[in-house]
Amino acid sequence: MKGRTYTVDAEPGDDVTVAGWVHEVRDLGGIAFLILRDKTGKIQIKLEEDSMDADLVETGLNVSRESVVTVSGSVKEEPRAPTDVEILPESIEVLAESDTQLPLDPSGKVDAELSTRLDNRTLDLRKEEVKAIFEIRAEVLRAAREAFRDLGCTEINTPKIVATGTEGGTELFPITYFGEEAFMNQSPQLFKQLMVGSGLERVFEIGPIFRAEEHNTPRHLNEATSIDFESAFVDHTEAMDACEHVVKSAYEGVAENCERQLELLGLDEEFEVPDGEFPRLTYEEAIERINATGELDEQLVWGDDLPTEGERALGEDVGEHYFITDWPSEIKPFYIKDHDDDEQLSTGFDMMHPRMELVSGGQREHRYDELVAGFEQQGLDPDQFEYYTKMFKYGMPPHAGWGLGGERLVMTMLGLENIREAVLFPRDRQRLSP
Ligand code: ATP
Ligand code: MN
């Protein structure tokens, strides 16, 4: 809209046209205030019966909440107004009238269930603290991209419709592709690995992953955003360094550029950019520490996957982001390389927030024969993955990488209870629209 001024920029003495939503109209008899809201904030519009055009006052008094209006007028200083200024209007134009019955109250005075909020996301995001989450999410992705650029990565996009899954069939969504069965990709794993053997060497991707997760939990989505890194000529420890850099950069970006949003979420005091190196615990140390907390009914033994309560107990114990390294090979995927001196021990790692897992990664198996054997051990048919294994015959460098859950990063950063709060339109067992 040409000539539009954002409410935040309206200064006393200016003649402006502002545009936005009617937040509320307060009629005090003879004088009334229309509060207009736009993406930058709110501004008071004064309506005075005695001194203003009767039609204009009438329009302002009768417009329903959440209608879209433009207001032209002069900005005056007014210490009693919420933002210390108000507009004396010369014209008010209603661009889109809102029904008076709203499924959700954008002023936030009436609380709504998460499901009602998700059904009415447009209205939900008129609340500034909800909008703040998505502005922060955008900053997280921007800062991550910049961090990847620091690391010399090229951004890639890989297919989401695929012929085979990465890690077996259980979590795959099947689709029909010109009469053939195909799947929604659960991870860019194989494609990003193929790119480290290309001329690109070091890549990242931010894109959707699709997982037919069996359970409804507060930290699983059926469509999530994966932040993936993969690089030639690095080992798992260097991949962990890169992971730390990206996660810290995301926090730094938010601390620097989202002060207002953090304040709206009540986090401005407590928000901390992680400093220092993330502690690196081996799997063996991790299970010992979990056992020592006494939180589990049964003691963990070597080879057990870490149960959710175990992760939580350890997270409380460690109290900051940390890595778990040196997992038993048998509970890490086949494409992860074992330690050269101990084939029971994998170079796989997880990066944890005290509340949950954020990242899985590792050094990859780049030797053709070992890779093909890995498929067989996993019960997968190597022929189906020939498009992938074949390239390991033509000079595939040693490489490592990881995948970071974008929504989990935002969720843990902001202390959100439910991962769905970090997605505009979440996909879960109950939710396929909007
Ligand atoms: P979990 O054990 O917590 O279900 P995972 O080990 O199956 O996760 P990975 O395959 O390691 O997940 O994927 C890498 C990262 O992607 C995870 O650490 C997590 O941050 C994110 N992620 C994976 N699945 C989901 C999902 N269903 N919803 C949201 N994020 C996910
Ligand atoms: Mn994992």
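Is E135 buried, partly exposed or exposed? In this predicted model, E135 has a relative accessible area of 23% and is therefore partly exposed. The limits used here place buried residues under 20% and exposed residues over 50%, so a value of 23% falls in between. The partner of E135 is K131, and the two side chains meet in a salt bridge with an N to O distance of 3.3 Å. Both residues belong to helix α4, where they stand four residues apart, or about one turn of the helix. K131 has a relative accessibility of 18% and so counts as buried.

This pair is one of the salt bridges in the structure, which holds 31 of them. Another joins E66 to R126, with the closest N and O atoms 2.9 Å apart. E66 is located in the loop between α1 (54-62) and β4 (68-77), and R126 in the loop between α3 (121-124) and α4; the pair therefore ties together parts that are 60 residues apart in sequence. With a relative accessible area of 2%, E66 is buried. A salt bridge is also found between the side chains of D428 and R420, at 2.6 Å from N to O. In this case D428 is buried, at a relative accessible area of 11%, and R420 also counts as buried, at 8%. In addition, a network of salt bridges links R117, R121, D124 and K127.

The nonpolar residues of the interior are considered next. In soluble globular proteins, nonpolar side chains tend to be buried together. The largest nonpolar core in the model consists of 50 residues. Within this core, the residues that touch the most other members are F148, W402, M413 and L414. Two or more core residues come from each of several helices, namely α4 (128-150), α6 (236-257) and α12 (406-414). The strands that contribute two or more residues are β10 (202-210), β11 (223-232), β16 (349-353), β17 (356-363) and β18 (399-405). A second core, separate from the largest one, has 20 residues, among them V16, L36, V69 and I87.

A buried residue of another kind is R364, which lies in the loop between β17 and α10 (368-377). R364 counts as buried because its relative accessibility is 1%, while the limit for a buried residue is under 20%. The C-alpha atoms of R364 and I336 are 4.5 Å apart in space, although the two residues are separated by 28 residues in sequence.

Two patches were identified on the surface. One carries negative charge and gathers E259, E263, D268, E269, E270, E272, D275 and E320. Of these residues, E269 is placed in the loop between α7 (259-264) and β12 (280-282). E269 has a relative accessible area of 75% and is therefore exposed. The other patch is nonpolar and is formed by I161, Y177 and F178, which together have about 370 Å² of accessible area. F178 occupies the loop between β8 (173-177) and β9 (180-184). The relative accessibility of F178 is 75%, so this residue counts as exposed.

Definitions and conventions. Residues are numbered from 1 along each chain as its sequence is written. Chains are lettered from A and ligands numbered from 1 in the order in which they are written. This is a predicted model: local features need pLDDT of at least 70, side-chain atom pairs count only at pLDDT 80 or more; totals for chains, interfaces and linings use all residues. Side-chain values use heavy atoms; hydrogens and water are left out. A nonpolar core is a set of buried Ala, Val, Leu, Ile, Met, Phe, Trp, Tyr and Cys residues joined through side-chain atoms within 4.5 Å. Buried means under 20% relative accessible area, exposed over 50%, partly exposed in between (1.4 Å probe, protein chains only). Patches are made of residues with over 30% relative accessible area and no salt bridge: like charges are joined within 9 Å, nonpolar side chains (Val, Leu, Ile, Met, Phe, Trp, Tyr) within 5 Å. Accessible areas come from the Shrake-Rupley method with a 1.4 Å probe; for residues, only the protein chains shown count as cover. A salt bridge is a side-chain nitrogen of Lys or Arg within 4 Å of a carboxyl oxygen of Asp or Glu. Lys and Arg count as positive and Asp and Glu as negative; His and the chain ends are not counted. The place of a charge is taken as NZ of Lys, CZ of Arg, CG of Asp or CD of Glu.
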